[in-house]
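The following exercises concern a predicted model. Please work through each task before reading its solution.

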Amino acid sequence: MAREDLHFRLRIPEDLKKRLEAHADLNNRSMTAEIVVRLTESVNDDARIRLRDDEIKDLKLKLAYQEGMSASLRNSLNIFMKHLGGTDVDTSEVLEKIIDEIKTGEPWHPVKGG
């Protein structure tokens, strides 16, 4: 540490001091360097946690949007299928068939009941 760095007294429990000394020895650092590294990591972790919280909020918004789009798609599909067949249709089953068609490339014809 540079001589220009801030100096201050710090009171910590004796058992914590002993644990920090042991870690400082294991990491080939002075006590001061060990404490600085650990405090820096702690502050950086706080920033990463805030970033993750923001990412989680963003993902929740995207999920809500996707769920809304899915409900809208199911409703539109139900209306479309009723128009084609004139009866109530299980849209979950139709969506599964459409997904299978996309995956396999084998066409599915809803009018034929497929």
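A residue is called buried when its relative accessible area is under 20%, exposed when it is over 50%, and partly exposed in between.

**Exercise 1.** Classify Glu-34 and its salt-bridge partner Arg-29 by exposure.

*Solution.* Begin with the contact: the side chains of Arg-29 and Glu-34 meet in a salt bridge, at 2.9 Å from N to O. Next, take Glu-34: its relative accessible area is 1%, so Glu-34 is buried. Arg-29, at 31%, is therefore partly exposed. Finally, place the pair in context: Arg-29, Glu-34 and Arg-38 are linked in a network of salt bridges.

**Exercise 2.** Determine whether the end-to-end distance of helix H1 agrees with its number of residues.

*Solution.* The expected span is 1.5 Å times one less than the number of residues. H1 has 13 residues, so a span of 18 Å is expected. The end C-alpha atoms of H1 are 18 Å apart, which agrees. After H1 comes Asn-28, with a positive phi near 55°.

**Exercise 3.** Relate the salt bridge between Lys-18 and Glu-14 to their spacing in the helix.

*Solution.* The closest N and O atoms of Lys-18 and Glu-14 are 3.3 Å apart. Both residues belong to helix H1 and are 4 residues apart, so about one helical turn separates them. An α-helix has 3.6 residues a turn, so residues three or four places apart point the same way. As for exposure, Glu-14 has a relative accessible area of 56% and is therefore exposed.

Notes: Residues numbered from 1 in each chain as written. Predicted model: local features only at pLDDT ≥ 70, side-chain atom pairs only at ≥ 80, totals over all residues. Heavy atoms only, no water. Helix = DSSP H or I, 4+ residues; strand = E, 2+ residues; numbered from the N terminus. Salt bridge = Lys/Arg side-chain N within 4 Å of Asp/Glu carboxyl O. Buried < 20%, exposed > 50% of the residue type's maximum accessible area, 1.4 Å probe, protein only.
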